[in-house]
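Open your viewer, pick a cartoon view and keep the selection tool at hand. We will go through the model stop by stop, with something to select at each one.

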Amino acid sequence: MIKLTIDGRDIEVEPGTTVLEAASQLGIEVPHYCYHPDIGIDGNCRMCMVEIEKFPKLQIACGTPVSEGMVVKTQVTSDKAKVAQKDTLEFLLVNHPIDCPVCDQAGECYLQDYSEKFGQPVSRMVEPKNVNPKKDVGSKTL
């Protein structure tokens with residue numbers, strides 16, 4: 001078993017466990033989009049950035065395996081991680097379609113949930129969003 005500390009709380013986990021999985025076991029929510037336990041680690045969304053002592057830069061929690069004595073700070077205790085997550089959310093939302101009422105996600109959208117929970121209260125963007133016309137593929141003209 002490997003012992004580590006996340007946000008000041010100690011935990012023991014199996015070798016090969018990622019920081020994201022260890023935080024989840026402690027009930028600490030680290031926002032993420034591209035991680036799924038049954039799929040390989042992608043690590044491209046950058047939402048799960050955490051601060052790890054002795055690492056020069058923020059690390060992705062979904063792709064970083066735990067190590068003995070590791071000390072991790074998530075957005076709960078790290079201002080750096082919190083800012084990185086807010087910036088990532090802002091980047092993802094810049095040209096995200098604004099058709100939430102008719103979106104295929106039907107209210108099950110992590111982007112929307114995380115925006116409310118972890119994002120900026122208002123957008124800094126003043127330029128108009130890209131709006132692509134929807135194609136109606138469900139109706140037939142006779």
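What is the mean pLDDT of the protein, and what share of its residues reach 70 or more? This is a predicted model, so colouring by confidence is a good way to begin. The mean pLDDT is 82, and 80% of the residues reach 70 or more. Among the elements, strand 5 has the highest mean pLDDT, 96, while helix 3 has the lowest, 73. Keep a general caution in mind: where pLDDT is low, the predicted coordinates should not be read in detail.

**The whole chain**

Now colour by secondary structure. You should find three helices and five strands. Followed from the N terminus, the elements run β-β-α-β-β-β-α-α. Of the 142 residues in the protein, 35% are buried. Contacts between residues 24 or more positions apart make up 54% of those with a separation of 6 or more.

**The sheet**

Select the five strands together. They form an open sheet with the order 2-1-5-3-4 and mixed pairing. Strand 2 and strand 4 (59-60) are at the edges; each has a single partner strand, so one side of each has no neighbour in the sheet. In general, strands of a sheet pair through backbone hydrogen bonds, either parallel or antiparallel.

Next, select residues 2-6, which are strand 1. Four of these five residues are buried, so the strand is mostly covered. Add residues 9-13 to the selection: this is strand 2, which runs antiparallel to strand 1 and is joined to it by five bridges. Look for Lys3, which stands opposite Glu12 in strand 2. The hairpin of strand 1 and strand 2 has two residues between the strands, and there Asp7 takes a positive phi near 50 degrees.

Now add residues 71-73, strand 5, which runs parallel to strand 1 and shares two bridges with it. Thr5 has Val71 as its bridge partner in strand 5. Strand 5 is also joined by two bridges to strand 3 (residues 49-52), and these two run antiparallel. Here the bridge partner of Ile52 is Val72 of strand 5. Bring helix 2 into view as well: helix 2 packs on the sheet, where it touches strand 3 and strand 5. The direction of helix 2 makes about 165 degrees with that of strand 3.

**Leu4**

Is Leu4, in strand 1, buried or exposed? With a relative accessible area of 2%, Leu4 is buried. Show what surrounds the residue: beyond its neighbours within four places in sequence, Leu4 is in contact with Arg9, Asp10, Ile11, Val13, Val66, Ser67, Met70 and Val72. Try a distance label from Leu4 to Met70. They are 66 residues apart in sequence, but their C-alpha atoms are 4.8 Å apart in space.

**Thr88**

Move on to Thr88, which lies in helix 2. Thr88 counts as buried because its relative accessibility is 14%, and the cut-off for buried is under 20%. Which backbone oxygen lies 2.9 Å from a polar atom of the side chain of Thr88? That oxygen belongs to Ala84. Setting aside residues up to four places away in sequence, Thr88 touches Cys45, Arg46 and Met47.

**Two loop residues with positive phi**

Most residues other than glycine have a negative phi. Select Arg46, whose phi is positive, near 65 degrees. Arg46 sits in the loop between helix 1 (19-25) and strand 3, and is partly exposed, with a relative accessible area of 38%. Then select Lys54, in the loop between strand 3 and strand 4. Lys54 also has a positive phi, near 75 degrees, and at 84% relative accessibility this residue counts as exposed.

**Helix 3**

For the last stop, select residues 110-118, helix 3. Which of its residues are buried? They are Leu111, Tyr114, Ser115 and Phe118. These residues cover an arc of only 105 degrees around the axis, so they lie on the same side of helix 3. Turn the view to the face directed away from this buried side, and you will find the exposed residues Glu116 and Lys117. Helix 2 (79-93) is included in what covers the buried residues of helix 3. As you inspect side chains here, recall that helix 3 is the element with the lowest mean pLDDT.

Terms used
Residues are numbered from 1 along each chain as its sequence is written. Side-chain values use heavy atoms; hydrogens and water are left out. Buried means under 20% relative accessible area, exposed over 50%, partly exposed in between (1.4 Å probe, protein chains only). Helices (H or I, at least four residues) and strands (E, at least two) are DSSP runs, numbered from the N terminus. The arc is that of the directions from the helix axis to the C-beta atoms. Contact means heavy atoms within 4.5 Å. Two strands pair if DSSP finds at least two bridges between them. A polar contact is a pair of N or O atoms within 3.5 Å; within protein, one must be able to donate a hydrogen and the other to accept it, and residues adjacent in sequence count only if both atoms are side-chain atoms. Axes are lines fitted to C-alpha atoms, for helices over the stretch in contact, and angles run from 0 to 180 degrees between N-to-C directions. pLDDT is the predictor's confidence in each residue, from 0 to 100.
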